[in-house]
Amino acid sequence: MSHFFAGNSVRRTVCGLSVVGMAALLTACGGLGGRSVTEAMPKVEEKFGSAATYSRLFDATPGQTCEAARRALLSQGYIVNKADKDVVEGQKSFQPQPDRHVQMNIRVTCVPESSDGALSMGFVSALQDSFALKMASNSASLGVSMLGTVSVPVAAGHDSMIKIGSETVTSGQFYDSFFDLMRRYLLVDAPQDVSAAGKRP
């Protein structure tokens, strides 16, 4: 009888240790998983300042400023997807490498800066999307005697572009050149000389 109780006691002790060990293992795995997820997400520290990298003041109405932005984008080969009196959006594609594709998206927003609308502020933001060429592969089933059916990966005859990154352009030189180009295409109605117009025959 004493052996019976001793055996049960040993089994209970082993089971208890197993449960404790399993709990510790799960806790450790959970902790490791939490750390890996935290480390996989990089921290982005955004600092808001007074530097006018993405905006410029124009001596023109919002409609005239956005029209200048539309002409500037068209002059550089951009496809204008949207052109309103206060918003202009353009898109252009680049291929720096045979298996790399870059798409530039520029958005211009024009808002009045004075009560009479004679001054406007142009806000520009450029987003650069990167794509990579990936070859898709399919599995083909082959019948082999003594082994049955075996799946063998076979390269497919089509490729696809996979998005691998997206980033807002932060280069001050990039925006300076675009704003300078906008000023070149800025069309402001010149005031007419009424007295000179009346003297014309």
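These notes cover the fold, the surface and the two largest pockets of a predicted model.

1. Fold. The chain holds 4 helices and 6 strands. From start to end, the order is α-β-α-β-β-β-β-β-α-α.

2. Burial and contacts. Of the 201 residues in the chain, 20% are buried. Take the contacts with a separation of 6 or more: 57% of them join residues 24 or more positions apart.

3. Surface. The exposed area of the chain is about 14,600 Å². Carbon and sulfur atoms supply 59% of that area.

4. Largest pocket. Its volume is about 300 Å³. Which residues line the largest pocket? They are V44, E45, E46, K47, F48, G49, S50, A51, A52, T53, Y54 and S55. By class, this lining has 5 nonpolar, 4 polar and 3 charged residues.

5. Second largest pocket: size and lining. This one has about 160 Å³ of space. A72, L73, Q76, Y78, K92, F94, I106, F174, S177, F178 and L181 line the second largest pocket. The classes here are 8 nonpolar, 2 polar and 1 charged.

6. Second largest pocket: elements. Which element gives the largest share of the lining of the second largest pocket? That is α3, with 4 residues. Three elements each supply at least two lining residues: α2 (62-75), β3 (87-97) and α3 (172-184).

Note on methods. Residues numbered from 1 in each chain as written. Predicted model: local features only at pLDDT ≥ 70, side-chain atom pairs only at ≥ 80, totals over all residues. Heavy atoms only, no water. Buried < 20%, exposed > 50% of the residue type's maximum accessible area, 1.4 Å probe, protein only. Contact = heavy atoms within 4.5 Å. Areas by Shrake-Rupley, 256 points an atom, 1.4 Å probe, with all protein chains shown as cover. 1 Å grid on protein atoms, 1.4 Å probe; cavity = no way out; pocket = protein on both sides within 12 Å on 5 of 7 lines; lining within 4 Å. Points joined across faces, edges and corners; volume = space filled by probe spheres on them. Nonpolar A, V, L, I, M, F, W, Y, C, P; charged D, E, K, R; others polar.
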